[in-house]
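Trainee: I should like to learn how to read the strands and helices of a model such as this one. May we begin with a single feature and work outwards?

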Amino acid sequence: MSDIATRRKWDRAARSFDLMTGIGPDKRWEPAKRALFGRMGQGEILFLAIGTGLDIPFFPPGRRILGIDISPKMIAAAAPRVAAYRGELRAQVMDVHDLDLPDRSIDQVFTSCTFCSVPRPVEGLRQLYRVLKPGGELHMFEHTGSRLFPFGLMLHAMTPISRRVGPDMNRVTTANVVRAGFQLDRVQPVFLDVVKTISAHRPQD
Ligand SMILES: C[S@@+](CC[C@H](N)C(=O)[O-])C[C@H]1O[C@@H](n2cnc3c(N)ncnc32)[C@H](O)[C@@H]1O
């Protein structure tokens, strides 16, 4: 799938995204997301896939954050939440496969529910590795495939349909993080082995 197709898919999803995601799932995951985003420090922060900005109220105040997303319509929908953030938050259209950011310029990357959607996940993760400073941190909230019966089979079966309108349900995101060169620090389950937080870092040279 080309990047234009990915952008169009998420532009279409932007219209109903808050309705589908903003009420149930977001309330449910709020404590885990708040705990993860609570790790935001005082350096340069990249937030990948800001979407409609549903995660922004969970960011600690006073941070310096660049939020990016491939979808201009997602970014437009996020504008009120971006404006309401009590800190420095900019939002920009950018594809994780082609980050327009200098090497080793970012202290921390945060993201949520993104690597279910990025078409070439290891390539995208390698870009995040490139822009992170040595020792820089990656913190993710993700849903993935499952090793548990029958969930793993169900998630595989759902993926050909789910990916037409949104995410893949069966990604091996933890393994992809390692494949991209990161050193894994912590994988914490949030729901079964499907929803989880993953923390990793770019090793020192
Ligand atoms: C499931 S949504 C999650 C949005 C938001 N993080 C949230 O949890 O509310 C996936 C997001 O990833 C974005 N996305 C997909 N592929 C991308 C890419 N290659 N580069 C940047 N963003 C991408 C989509 O536009 C969409 O906003």
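Mentor: Let us begin with a hairpin, bearing in mind that the model is predicted. In the hairpin of S6 and S7, three residues lie between the strands, and leucine 192 takes a positive phi near 50 degrees.

Trainee: How many bridges join S6 to S7, and in which sense do the strands run?

Mentor: S6 and S7 run antiparallel and are joined by seven bridges. One pair to locate is valine 187 and its bridge partner in S7, isoleucine 198.

Trainee: Which strand lies on the other side of S7 in the sheet order?

Mentor: The order of the open sheet is S3-S2-S1-S4-S5-S7-S6, seven strands with mixed pairing, which places S5 beside S7. S3 and strand S6 (183-191) stand at the edges with a single partner strand each, so one side of each has no neighbour in the sheet. On average, neighbouring strands of this sheet are turned by 15 degrees against each other, direction ignored.

Trainee: How is S5 joined to S7?

Mentor: Strand S5 (residues 132-143) and strand S7 (residues 195-201) run antiparallel, with seven bridges between them. Histidine 143 stands opposite valine 195 in S7, and phenylalanine 141 stands opposite threonine 197. Helix H5 (residues 121-131) packs on the sheet, where it touches strand S1 (44-48), strand S4 (106-112) and S5; the direction of H5 makes about 145 degrees with that of S5.

Trainee: How should I read the two faces of a strand?

Mentor: In a regular strand, side chains alternate between the two faces of the sheet. One may then ask of each face whether its residues are buried, which here requires under 20% relative accessible area. In S7, Val195, Thr197, Ser199 and His201 on one side are buried, as are Lys196, Ile198 and Ala200 on the other, and both faces are covered. Seven of the seven residues of S7 are buried.

Trainee: What is the exposure of glutamine 183?

Mentor: Glutamine 183 lies in strand S6 and is partly exposed, with a relative accessible area of 43%. Leaving aside neighbours within four places in sequence, glutamine 183 is in contact with Ala200, His201 and Pro203. Separation along the chain is another matter: glutamine 183 and serine 199 are 16 residues apart in sequence, while their C-alpha atoms are separated by 8.8 Å.

Trainee: Let us turn to the other end of the sheet. How does S2 pair with S1 and with S3?

Mentor: S1 and S2 pair in the parallel sense over five bridges, with isoleucine 45 opposite isoleucine 65 in S2. S2 and S3 also run parallel, joined by six bridges; there, arginine 64 has glutamate 88 in S3 as its bridge partner. Five of the six residues of S2 are buried, so S2 is largely enclosed by the rest of the structure.

Trainee: Which helix lies across S2 and S3?

Mentor: That helix is H4, which runs at about 165 degrees to S3. The buried residues of H4 are Met74, Ile75, Ala78 and Val82. These buried residues pack against helix H1 (3-14), helix H2 (17-21), strand S2 (64-69) and strand S3 (88-93).

Trainee: How do H1 and H4 meet?

Mentor: The axes of H1 and H4 come within 7 Å and cross at roughly 35 degrees. On the H1 side, Arg7, Trp10, Asp11, Ala13 and Ala14 meet Pro72, Lys73 and Met74 of H4. By class, this contact has five nonpolar, three charged and no polar residues.

Trainee: How may I judge the length and course of a helix?

Mentor: Compare its end-to-end reach with the expected value, then look for a bend. Helix H4 (residues 72-84), with 13 residues, reaches 19 Å from its first C-alpha to its last, close to the 18 Å expected at 1.5 Å a residue. H4 bends by about 45 degrees at alanine 78, and proline 80 follows within four residues.

Trainee: Where does H6 have a kink?

Mentor: In H6 a kink of about 50 degrees lies at threonine 159, shortly before proline 160. The 15 residues of helix H6 (residues 151-165) should span 21 Å at 1.5 Å a residue, and the end C-alpha atoms are 21 Å apart, which agrees. Thr159 is also among the buried residues of H6, along with Gly152, Leu155 and Ser162.

Notes:
Residues numbered from 1 in each chain as written. Predicted model: local features only at pLDDT ≥ 70, side-chain atom pairs only at ≥ 80, totals over all residues. Heavy atoms only, no water. Helix = DSSP H or I, 4+ residues; strand = E, 2+ residues; numbered from the N terminus. Expected span 1.5 Å × (residues − 1). Bend = angle between axes of the 7 residues up to and from the residue. Buried < 20%, exposed > 50% of the residue type's maximum accessible area, 1.4 Å probe, protein only. Contact = heavy atoms within 4.5 Å. Pairing = 2+ DSSP bridges. Axes fitted to C-alpha atoms, helices over the stretch in contact; angles between N-to-C directions. Nonpolar A, V, L, I, M, F, W, Y, C, P; charged D, E, K, R; others polar.
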